[in-house]
Amino acid sequence: MSEFRRDPLKDTWVITKNFRIRQPREFFVDREQVTITCCPFCPGQEAKTPPEVFAVRPKGMDANGPNWQVRVVPNKFPILRIEGELNPQHDGLHSCLQGIGAHEVIIETPDHHSSLAQLNLGETTAVMQAYRARLLDLRQDKRFRYLQIFKNHGVEAGAPLPHSHSQIMALPITPPLLRNELNACREHFLREQRCLICDLIAQEMADGRRVVLNDGQFLVVAPYASCFPFELWILPLLHNHDFAQQSDQQLAACASALQDALRRLYNLLEDPPYNFILHTAPPEWPRPGHPDFWTTLAQDYHWHIVLVPRLNHIAGFEWGSGFFINPQPPEDAARFLRDANPTLNF
Ligand SMILES: [Zn+2]
Ligand SMILES: [Zn+2]
Ligand SMILES: [Zn+2]
């Protein structure tokens with residue numbers, strides 16, 4: 001079982017894994033990569049994963065067989081487990097919770113060699129539909145405060161398995177990054193009676209220097225205070241707080257904007273490792289002690305995707321201060337990306 005442990009100085013939490021004792025040599029940085037001879041995400045290998053919780057496949061085809069287009073399975077080696085109670089414990093200044101949650105893998109394509117940027121629009125839209133289906137299902141569990149969808153592409157971005165996939169973690173604690181963002185949006189709304197992200201979209205569209213793409217439904221922008229070179233935000237122009245409420249048409253538009261951004265990055269930076277993270281509203285269950293939570297969420301929050309190529313390492317200063325040093329102004333990143341080829345060229 002893993003544990004959430006709270007750091008009282010940083011006011012944040014760490015997930016501690018203690019499934020087995022790891023020898024120090026397992027942490028050596030230059031240890032050999034494990035070579036996977038038989039990919040568990042490939043069609044025909046369905047028995048190598050836990051039974052699927054969602055799949056897109058033709059009607060009448062059996063679950064857990066081949067012929068799927070997108071497949072969602074619980075992680076075989078989950079960081080968090082769905083069974084059990086949170087069982088909060090306190091020891092002086094130290095607090096911990098049991099590592100309760102869910103950890104699922106969204107296998108985005110049956111093709112072992114295709115990356116997300118190479119899928120067609122229908123295939124990418126099906127991935128978005130899988131995200132929506134899992135959010136709608138997992139949010140019924142009242143233990144979960146936040147559902148985090150993210151993707152790691154490339155070994156440097158945390159994806160040792162090459163078969164294209166993303167992940168969802170259902171968490172019993174709202175991640176501090178999201179909590180800060182939710183609070184900032186709520187405070188802006190209470191002050192201005194307007195959505196902070198709608199205001200940001202209007203300002204970026206009027207300015208134009210950091211805009212990579214505006215296709216009439218989504219804005220792709222290099223944020224003003226980008227932490228990393230070529231960081232991008234993918235922002236729906238239509239205000240809505242909740243990714244899970246999006247229509248098929250809106251998900252197709254999201255898939256199109258995401259594909260455009262991924263292909264520009266691929267062509268400009270030669271298939272960089274990257275992460276993306278979906279920022280969407282938390283499940284709106286009443287929170288004891290917080291009667292004011294979520295009362296304005298539908299008006300004050302605005303879902304979006306954060307896409308970060310992993311081109312540089314986080315060093316001592318960033319680690320120690322929380323300030324990022326970005327060697328590239330986002331105005332330059334946006335200019336290069338506007339000029340980059342947005343079509344499939346590989
Ligand atoms: Zn594979
Ligand atoms: Zn908005
Ligand atoms: Zn955000």
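Hi everyone. Let me start with one pair of residues: Ala55 stands opposite Arg71 in β4. That pair belongs to a set of 3 bridges that join strand β3, residues 54-56, to β4, and these two strands run antiparallel. Before I go on, please keep in mind that this is a predicted model.

From there, let's follow β4. This strand covers residues 70-74 and is mostly covered, with 4 of its 5 residues buried. Besides β3, β4 has a pairing with strand β7, residues 102-107, in the antiparallel sense and over 4 bridges. If you want to find that pairing on screen, look for Val72, which stands opposite Ile106 in β7.

So which sheet do these strands belong to? They sit in an open sheet of 10 strands, ordered β3-β4-β7-β9-β8-β13-β14-β12-β11-β10, with antiparallel pairing. What stands at the edges? Those places go to β3 and β10 (211-214); each has a single partner strand, so one side of each is left without a neighbour in the sheet. The twist in this sheet averages 15° from one strand to the next.

Further along that order, strand β12, residues 232-236, pairs with β14 over 3 bridges, again in the antiparallel sense. Within that pairing, Ile234 has Ile305 in β14 as its bridge partner.

Now for the helices on this sheet. Helix α1 lies across β3, β4, β7, β8 (146-153), β9 (165-171) and β13 (274-279), and it runs at about 155° to β3. Helix α4 packs on the sheet too, touching β10, β11 (218-221), β12, β13 and β14, and its direction makes about 25° with that of β11. Notice that β13 turns up in the list for α1 and again in the list for α4.

How do those two helices meet? α1, residues 121-138, and α4, residues 248-269, pack with their axes 8 Å apart and at an angle of about 120°. That angle makes α1 oblique to α4. The residues making the contact on the α1 side are Leu121, Thr124, Thr125, Met128, Gln129 and Arg132, and on the α4 side they are Leu251, Ala252, Cys254, Ala255, Ser256, Leu258 and Gln259. As for handedness, α1 passes α4 in a right-handed crossing.

There is another sheet to show you. This one is open as well, with 4 strands in the order β2-β1-β6-β5 and antiparallel pairing. At its edges stand β2 (12-16) and β5 (89-91), each with a single partner strand, so one side of each is left without a neighbour in the sheet. Here the twist averages 25° from one strand to the next. Inside this sheet, β1, residues 3-7, pairs with β6, residues 94-98, over 3 bridges in the antiparallel sense. Glu3 has Gln98 in β6 as its bridge partner.

Next, a few loop residues, for those of you who like to check backbone torsions. As background, most residues other than glycine have a negative phi. Which way does Asn67 go, positive or negative? Asn67 has a positive phi of about 70°, although it is not a glycine. You will find Asn67 in the loop between β3 and β4, and Asn67 is exposed, with 12 other C-beta atoms within 10 Å. Asn87 also has a positive phi, of about 45°, and is not a glycine either. Asn87 is in the loop between β4 and β5, and with 11 other C-beta atoms within 10 Å, Asn87 is exposed.

One more loop residue is Ile314, between β14 (304-309) and α6 (316-321). Is Ile314 buried or exposed? Ile314 has 12 other C-beta atoms within 10 Å, so it counts as exposed. From Ile314 to Ile15 the separation is 299 residues in sequence and 20 Å in space, C-alpha to C-alpha.

Let me finish by zooming out. Altogether the protein chain has 7 helices and 14 strands. Its C-alpha atoms fill a box of roughly 55 × 50 × 45 Å along the principal axes. A compact globule with 346 residues would have a radius of gyration near 20 Å, and the protein chain agrees because its own value is 20 Å. Of the 346 residues, 33% count as buried. And among contacts with a separation of 6 or more, 68% are between residues 24 or more positions apart. Thanks, everyone!

Terms used. Residues numbered from 1 in each chain as written. Chains lettered and ligands numbered in written order. Predicted model: local features only at pLDDT ≥ 70, side-chain atom pairs only at ≥ 80, totals over all residues. Rg over C-alpha atoms; globule rule 2.2 N^0.38 Å. Buried ≥ 20, exposed ≤ 12 C-beta atoms within 10 Å, placed from the backbone. Contact = placed C-beta atoms within 7 Å. Pairing = 2+ DSSP bridges. Axes fitted to C-alpha atoms, helices over the stretch in contact; angles between N-to-C directions. Parallel < 35°, antiparallel > 145°, perpendicular 65-115°, else oblique. Left-handed = near helix turned anticlockwise from the far one by under 90°.
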